[in-house]
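Please open the model in your viewer and keep the selection panel at hand, since each stop of this tour begins with something to select.

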Amino acid sequence: MLNQQKITLMEILEGSPKQPLSRYAEWLISAVVLVNCSAVILDSVPEIHAMYKDFFHELEFWSVMFFTAEYLMRVWSLGAKHADNSWKGRRDYIFSGFGLVDFFATMPYYLHVFFPLLDLRILRVLRLLRILKLSKYNSALQDLFSAVYSERRAFGSAAFLLTIATIVSASLMHFAEGHAQPEHFGTIPHSIYWAIVTITSGNGNIDAMTKGGEVVALFTGFLGVCMAAILTGIVASAFANQMSRKKSSYQAQLRQVLADGVVSEAEKDALKRLQLQFRLSDKEVQTMMEQAQAGKTP
């Protein structure tokens, strides 16, 4: 009986299509996160803080109780994930990315309780990290991480080129401007800072005083445009591949559902949730449905 309760709670918190309550749980957690982040932002305004500090304090207390209860329920229920070893599921969650986000969602309050002299600005930043909890219910960040990981070799090559471009630009700028502006380009490490800012933003905020420095600055700016184009291409390609994999996964699930010719309500709900998770439009789903049905037609 107790194990069944763990499984039910785990399915609700993990968004299983078997549990209708899972959708309401997602909405509730998302709403609490959004309210909290809004409160943290407003609380940083001195005038608003002076007027509503008691309200913000109460909101923070009850929010922490909510997040703590959620965290403990996840740890407890995920013991049912592996029948042979309850602590394996719990350990996997505690040390996962989402588990660490859930853990640090409650830590700012307890840090302030035990260490009241901590800088409030640090605590505000840590509290704003709660917004990362929303990534559990939206695949945008997950898509980004998956895309970056899948193209890690390409990103590694781009980072290597960026390092070379930075060092070469910094060295040339030190040679061209070192005597004219020793406070900015007197050493190569100082010039590296300028090169990084110029490559990433297009403007190093320090104007060249020599003709050679102007040429190097133009060259570095051009390198920055090239690097932006390379990285944009890598990310765009990675996202396209990620979406292609999602469509393939949905199509495989769709073919499995249509295999017996009968689509139950549970299967419809599972497909709908998979569609929302993969952020597929109704038109895309309809096209895949027609293709799957056409493939079955003799």
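Begin by selecting α3 together with helix α4, which covers residues 86-94, and look along their axes, which in this predicted model come within 7 Å and cross at roughly 140°. That crossing makes α3 oblique to α4, because an angle has to be over 145 degrees to count as roughly antiparallel.

Next, show the side chains where these two helices meet: α3 brings Y71, R74, V75 and W76 to the contact, while α4 brings R90, Y93 and I94. If you colour the residues of this contact between α3 and α4 by class, you should find five nonpolar and two charged residues, with no polar residue in the set.

Now turn to the interior. How many cavities of 30 Å³ or more does a search of the whole structure find? The search finds one, and the largest cavity holds about 30 Å³ of space. To display its lining, select N36, A39, V40, D43, F56, L59, E60 and R127. Colouring this lining by class gives four nonpolar residues, one polar residue and three charged residues.

With the lining still selected, add the helices α2 (21-43) and α3 (46-77), each of which supplies at least two residues to the lining of the largest cavity. Which helix gives the most to this lining? It is α2, with four residues.

Stay with the cavity and centre the view on N36, one of the residues that line it and a residue of helix α2. Is N36 buried or exposed? N36 counts as buried because its relative accessibility is 3%, and the cut-off for that label is under 20%. Then show what surrounds N36: leaving out residues up to four places away in sequence, N36 touches E60, S63, F67 and R130. Of these partners, E60 can be picked out again as part of the cavity lining.

For the last stop, move to helix α10, residues 188-201, and select P189 within it. In contrast to the buried N36, P189 is exposed, its relative accessible area being 59%. Finally, add S171 to the selection and draw a distance between the two C-alpha atoms: P189 and S171 lie 18 residues apart in sequence, and their C-alpha atoms are 9.0 Å apart in space.

Technical notes. Residues are numbered from 1 along each chain as its sequence is written. This is a predicted model: local features need pLDDT of at least 70, side-chain atom pairs count only at pLDDT 80 or more; totals for chains, interfaces and linings use all residues. Side-chain values use heavy atoms; hydrogens and water are left out. On a 1 Å grid over the protein atoms alone, a cavity is a set of points where a 1.4 Å probe fits but cannot get out, and a pocket is an open set with protein on both sides within 12 Å along at least five of seven lines; lining residues have an atom within 4 Å of a point. Grid points are joined across faces, edges and corners, and a volume is the space filled by probe spheres set on the points. Ala, Val, Leu, Ile, Met, Phe, Trp, Tyr, Cys and Pro count as nonpolar, Asp, Glu, Lys and Arg as charged, and the others, Gly among them, as polar. Axes are lines fitted to C-alpha atoms, for helices over the stretch in contact, and angles run from 0 to 180 degrees between N-to-C directions. Angles under 35 degrees count as roughly parallel, over 145 as roughly antiparallel, 65 to 115 as roughly perpendicular and the rest as oblique. Contact means heavy atoms within 4.5 Å. Buried means under 20% relative accessible area, exposed over 50%, partly exposed in between (1.4 Å probe, protein chains only).
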